[in-house]
Amino acid sequence: MWKKLIAFLFFASFLLTISVGVFLLLLYRELPDVRLLKMWRPPEASIVYDYRGRFYGDIGVQRRYYVPLEEIPEHVVNAFISAEDKNFYSHRGIDFPSVVRAMVKNIKHRRIVEGASTITQQLARNLFLTRKRTFKRKLKEALLAIKIERELSKKEILELYLNQIYLGNGAYGVEAASKVYFDKHVKELSLEEAALLAGLPKAPSKFNPFVNPELAKKRRNYVLKRMYEDGYITFEEYESATKKKVSVKEENRYRGSDYFLDMVKSYLVRRYGDEVFRGGFSIYTTVDKDLQVYAQKVLQKRLTSIAKIHRFPFLPINRKQLEESFVKQKLSLKPGNVLLGKVKAVKGENVQFELPNGKTLKARRIELPIKEGDFFFLKVTGKGTADVLPDLQGALVSMDVHTGEIRSLIGGFSYYRSPFNRVVQAKRQPGSAIKPVVYLSAIMRGFTQISTVDASPRSFFDPSTGEEWTPKNYHDEEYGIVTLREALAKSINTATVNLLDDLGFEIVLRVGDKLGLKSLKPYYSLALGSVEVSPLELTSAYQTFANLGVRCEPFFIKKVVDKYGNILEENQPVCKTVLPAPEVRVLVDMLRAVVLEGTGKRAARLPRIVAGKTGTTNDYVDAWFVGFSPYVVTGVWVGFDTRKSLGDRMAGSVAALPIWVDYMRVAASKYPNDDFPMPEGTVEVLINTKDYVKADDTCEGTPMVFIEGTEPRLTCSDMRGIFSP
């Protein structure tokens with residue numbers, strides 16, 4: 001009896017062993033050929049650089065920058081080994097003592113409290129398998145780890161792992177994570193920074209230092225303790241590192257993209273298709289990383305201030321804050337109440353918004369692109385209906401005067417709230433910011449800046465409306481005979497329209513065309529900015545003013561290199577003289593008077609020689625200031641995406657100019673404080689502004705620029721001689 005039982009058990013064990021062996025063999029044969037890993041490189045992002053060759057951002061499916069192990073510091077490698085697999089150098093793919101220890105702990109706690117995956121197993125899972133927790137997947141993972149260890153050296157495994165592992169916030173690999181969290185290369189990481197990164201693979205979201213800095217610090221200190229226990233660091237190093245604060249680059253938290261990166265991406269996709277998303281491209285741009293960050297901060301600060309003063313509803317900046325505000329808001333559907341709604345569906349001109357309580361509101365869509373998941377403030381109008389309240393917005397674009405290179409470009413208050421790029425996509429009325437086109441036309445017709453024009457109101461037939469139209473001045477002010485200099489400096493509407501009437505449309509449209517303003521129409525109202533232009537178009541026109549008639553096409557891509565080092569394109573400034581320098585220099589002097597004597601006086605606070613023009617449209621719907629130094633030109637627009645008033649007296653000098661001043665205080669300081677050059681054929685003359693004659697020893701004068709030969713001949717002494725008894 002016993003012999004038969006023993007024989008049966010032996011036979012059953014034999015069959016089981018054979019079955020397991022066959023199963024493992026078949027499973028092993030299903031595994032991929034890991035020898036391919038020797039030549040395999042994970043997908044990388046295409047890297048975007050600023051004009052000084054500094055990392056600006058990336059484009060790709062995964063944010064990853066491959067670095068060889070030799071470029072990864074030893075303390076970074078040791079931190080990951082201590083955190084994830086302290087026996088890495090001694091096991092052959094599976095750490096059996098760790099497996100047993102984990103099983104005991106899990107049984108004791110009756111749940112999974114500890115894993116035992118080695119670095120090699122993690123690599124196998126990330127490269128070849130899913131994260132689904134099944135016995136078969138775990139078995140495959142173990143077999144793959146053994147197979148990888150047979151084919152690859154420990155160095156090769158570490159290099160692949162450290163470039164493959166996901167470390168949260170969209171970063172794959174240690175180089176990408178170093179840039180996201182610390183804005184530096186992995187080779188520059190300190191001990192405590194390395195430990196923080198090494199603590200992330202266990203739970204990237206949970207230990208994300210942007211979201212949970214205290215948890216991240218605890219996890220970092222745990223890794224440091226393990227490094228000390230494993231003999232990688234001294235007690236003094238451990239103690240010193242644990243006392244350090246968790247310091248990360250908060251501005252990188254939501255830096256998946258921005259207005260400039262989005263524009264770069266669109267350009268590259270048009271030129272090279274989806275290949276750019278497969279990574280490896282190096283894109284060298286014209287943007288100044290420092291100015292771009294500063295410009296966004298300045299715009300947000302000033303727009304927030306305007307919104308608070310005028311009590312405009314204002315959405316939070318980032319997605320997390322939006323979600324929190326949406327859930328926490330007090331709900332009342334009483335007409336007139338303002339609620340935060342989330343777009344549920346878009347059907348033609350109608351948008352359905354959902355509320356946290358499950359109810360919905362219907363509203364007419366606004367002019368902006370609206371997609372599912374977007375947030376908007378809604379004003380309840382009736383049962384189940386509401387109006388969309390537009391968000392206060394702004395745009396800023398800055399260019400190098402002599403090359404056309406775009407140095408900064410901010411398309412709105414927050415890219416994450418609205419990726420609509422107002423610098424290039426929005427068409428707005430420029431108001432008085434278009435007036436320099438009329439005054440330059442006058443100078444080209446032989447006028448000087450002290451020539452006079454009658455500013456008395458006239459009526460005109462406007463074909464754009466089919467009605468008689470009589471322009472009015474700001475606050476209904478009235479003027480008589482004024483000089484061109486005063487008319488532009490004080491932005492006198494009646495004088496400008498009358499001057500357009502005296503000149504005729506032909507020369508004004510021709511000058512506008514040379515400046516790149518293609519939308520000008522033969523309407524008298526064009527003198528007050530009734531046409532529509534983008535901020536980039538208008539700022540580009542002012543670049544031609546600042547460059548004394550030399551127009552440079554705006555551009556933002558300098559060079560594109562593929563992953564093999566081939567230069568796909570290399571762009572140089574494209575500049576052409578389109579207007580005569582002497583006449584443009586007279587206009588620049590008049591725009592300088594706008595700053596010194598007129599509507600742009602706030603810009604005179606800058607310790608720089610600058611010129612520019614304010615712009616305000618009817619009912620204070622659009623506010624502008626476009627201005628320049630001899631080296632940098634910047635345009636600022638403020639308004640709503642719908643045609644809504646900014647409020648009484650919210651002119652360009654109030655809403656847009658302070659943003660321009662804040663930005664140019666930094667941007668212009670990067671260049672010498674030079675005056676605008678005097679081209680051949682121009683002279684600067686001191687003019688007495690009482691009689692508009694040359695100043696001499698008997699009177700004071702203001703320096704003004706003239707085309708040589710057009711300056712006044714009479715002096716103050718001559719005038720006294722003429723009128724003396």
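## Exercises around strand β20

In this predicted model, T614 stands opposite F625, a residue of β20. Let us use that pair as a way into the structure.

**Exercise 1. Which strand pairs with β20 over 6 bridges, and in what sense do the two run?**

Solution.
- Start from T614, which faces F625 in β20.
- Strand β19 covers residues 611–616, and 6 bridges join this strand to β20.
- The two strands run antiparallel.
- Now look at the link: β19 and β20 form a hairpin, with 5 residues between them.
- In that turn, D619 has a positive phi of about 60 degrees.

**Exercise 2. Which residue of β21 stands opposite V626, and how many residues lie between β20 and β21?**

Solution.
- Find V626 and look across to β21: the residue opposite is G635.
- Strand β21 spans residues 632–640 and pairs with β20 in the antiparallel sense, over 7 bridges.
- These two strands also form a hairpin, here with 3 residues between them.

**Exercise 3. Why can β20 be called largely enclosed by the rest of the structure?**

Solution.
- Take the cut-off first: a residue counts as buried under 20% relative accessible area.
- Check one side of β20: D622, W624, V626 and F628 are all buried.
- Check the other side: A623, F625 and G627 are buried too.
- Both faces are therefore covered, and with 7 of the 7 residues in 622–628 buried, the strand is largely enclosed by the rest of the structure.
- For the wider setting, buried residues make up 53% of the 725 residues in the chain.

**Exercise 4. What kinds of residue line the second largest cavity?**

Solution.
- Begin with the count: the structure holds 3 cavities of 30 Å³ or more.
- The second largest cavity contains about 40 Å³ of space.
- Its lining is made up of Y51, D288, L291, R407, V632, A667, K670 and Y671.
- Sort these residues by kind: 5 are nonpolar, none is polar and 3 are charged.
- One of the lining residues, V632, takes us back to β21, which covers residues 632–640.

**Exercise 5. How many helices and strands does the chain have, and what share of its contacts joins residues at least 24 apart?**

Solution.
- Step back to the whole chain: the secondary structure comes to 22 helices and 24 strands.
- Consider contacts between residues at least 6 apart in sequence; of these, 68% join residues at least 24 apart.
- Finish with the outside: the chain's accessible surface is about 34,100 Å², and 53% of that area belongs to carbon and sulfur atoms.

Technical notes
Residues are numbered from 1 along each chain as its sequence is written. This is a predicted model: local features need pLDDT of at least 70, side-chain atom pairs count only at pLDDT 80 or more; totals for chains, interfaces and linings use all residues. Side-chain values use heavy atoms; hydrogens and water are left out. On a 1 Å grid over the protein atoms alone, a cavity is a set of points where a 1.4 Å probe fits but cannot get out, and a pocket is an open set with protein on both sides within 12 Å along at least five of seven lines; lining residues have an atom within 4 Å of a point. Grid points are joined across faces, edges and corners, and a volume is the space filled by probe spheres set on the points. Ala, Val, Leu, Ile, Met, Phe, Trp, Tyr, Cys and Pro count as nonpolar, Asp, Glu, Lys and Arg as charged, and the others, Gly among them, as polar. Buried means under 20% relative accessible area, exposed over 50%, partly exposed in between (1.4 Å probe, protein chains only). Helices (H or I, at least four residues) and strands (E, at least two) are DSSP runs, numbered from the N terminus. Two strands pair if DSSP finds at least two bridges between them. Contact means heavy atoms within 4.5 Å. Accessible areas come from the Shrake-Rupley method with a 1.4 Å probe; for residues, only the protein chains shown count as cover.
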